[in-house]
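Reader: I've got this one open in my viewer and I'd like a close look at a single part rather than a tour of everything. Could you pick one spot, stay with it, and tell me how it ties in with its surroundings?

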Amino acid sequence: MKKAPTDFRRITLLVHRMEPALAIYRDILGMHTYYDKEGSVSVPGDPPDAPKSPARLVILQCNDPYVGMLGFMQLLDATASATAPAPRPVDARLRPGEGVLVMTHDNVEVAYEKLKGVEGVQLVDEPRVTEFPRGDGGVFRVEGFRFLDPNGFFVDLHQAVGNERTLFA
């Protein structure tokens with residue numbers, strides 16, 4: 001495969017509450033804290049001359065030291081923290097512009113049981129095995145489930161079944 005001129009390092013998600021995000025992604029799913037600082041940021045959507053807003057940025061890291069990081073930014077001013085987003089109905093269909101955080105885990109059944117007790121988590125389904133066709137004509141099997149985190153982000157958490165490591169073998 002030819003090397004692309006771009007690397008995708010991380011995505012940073014704006015959250016209403018930081019602690020529930022950390023309880024899930026750091027404490028339950030086991031991501032490591034790479035960065036955790038408060039500072040002042042220009043908020044996308046504000047006029048260019050608007051004063052910067054106080055914010056906390058936490059970047060979590062998985063196994064690769066360069067890619068696959070997940071950032072959370074919480075605005076700390078009173079107006080930003082006063083309005084929580086409306087909860088998303090579990091059966092609501094995703095719309096253009098929304099995304100899915102696709103993550104692998106060593107044990108989705110244990111993660112599922114732990115997430116059951118987290119306030120604000122909406123479990124969409126239970127862990128189940130799904131098969132996908134591979135490029136070589138074989139089948140790739142994963143066990144997984146989906147959930148909405150307390151900040152409204154849709155997550156697909158899965159693990160490979162058996163020794164399979166890639167969909168594209």
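Author: One cut-off before we start: a residue counts as buried under 20% relative accessible area, as exposed over 50%, and as partly exposed in between. By that rule V100 is partly exposed, because its relative accessibility is 35%. Keep in mind that you're looking at a predicted model.

The part I'd pick is strand 8, residues 139-148. Seven of its ten residues are buried, so the rest of the structure largely encloses this strand. Let's go through its partners.

Take strand 7, residues 128-133, to begin with: it runs antiparallel to strand 8, and six bridges join the two. If you want a pair to click on, T130 stands opposite V142 of strand 8. The two strands form a hairpin with five residues between them, and in that hairpin G137 takes a positive phi near 95°.

Now look at strand 9, which also runs antiparallel to strand 8, with seven bridges joining them. Here R146 has D156 in strand 9 as its bridge partner. This is a hairpin as well, with five residues between the strands, and G152 has a positive phi near 90°. So what do the two hairpins look like side by side? Strand 7 and strand 8 have G137 with its positive phi, while strand 8 and strand 9 have G152.

There is a shorter stretch to add, strand 6, at residues 122-123. Two bridges join it to strand 8, again antiparallel, and L123 is paired with F147 of strand 8.

While you have strand 8 on screen, remember one thing about strands: side chains in a regular strand alternate between the two faces of the sheet.

R146 deserves a second click. Besides pairing with D156 in strand 9, R146 meets the side chain of D125 in a salt bridge, at 2.8 Å from N to O. D125 sits in the loop between strand 6 and strand 7 while R146 belongs to strand 8, so this pair ties together parts that are 21 residues apart in sequence. The two ends differ in cover: D125 counts as buried because its relative accessibility is 12%, whereas R146, at 29%, counts as partly exposed. In total the structure holds eight salt bridges, and E19, D36 and R56 are linked in a network of them.

The loop that carries D125 also holds P127, between strand 6 and strand 7. P127 is partly exposed, because its relative accessibility is 23%. Leaving aside residues up to four places away in sequence, P127 touches V108, E109, Y112, E143, G144 and F145. On the strand 8 side of that list, E143, G144 and F145 fall inside residues 139-148. For a sense of span, the C-alpha atoms of P127 and P20 are separated by 22 Å, and these two prolines are 107 residues apart along the chain.

Now for the interior. The largest nonpolar core has 26 residues, and Y25 and F72 have the most contacts inside it. Strand 8 is among the elements that give two or more residues to this core; the others are helix 1, strand 3, strand 4, strand 5, helix 3 and strand 9. Helix 1 gives the most, with six residues. Y25 touches, among others, L60, F72, L101, D149 and V155, not counting residues up to four places away in sequence. Another core lies apart from that one, with seven residues that include I59, M69, M73 and L75.

Back to V100, where we came in. V100 is found in strand 5, another of the elements that give two or more residues to the 26-residue core. At the surface, V100 forms a nonpolar patch with L94 and V102, and together they have about 220 Å² of accessible area.

To pull it together: strand 8 is largely enclosed, because seven of its ten residues are buried. It is joined by two bridges to strand 6, by six to strand 7 and by seven to strand 9, and R146 adds its salt bridge to D125.

Definitions and conventions:
Residues numbered from 1 in each chain as written. Predicted model: local features only at pLDDT ≥ 70, side-chain atom pairs only at ≥ 80, totals over all residues. Heavy atoms only, no water. Core = buried A, V, L, I, M, F, W, Y, C linked by side-chain atoms within 4.5 Å. Buried < 20%, exposed > 50% of the residue type's maximum accessible area, 1.4 Å probe, protein only. Helix = DSSP H or I, 4+ residues; strand = E, 2+ residues; numbered from the N terminus. Contact = heavy atoms within 4.5 Å. Patch = residues over 30% accessible without salt bridge, like charges linked within 9 Å, V, L, I, M, F, W, Y side chains within 5 Å. Areas by Shrake-Rupley, 256 points an atom, 1.4 Å probe, with all protein chains shown as cover. Salt bridge = Lys/Arg side-chain N within 4 Å of Asp/Glu carboxyl O. Pairing = 2+ DSSP bridges.
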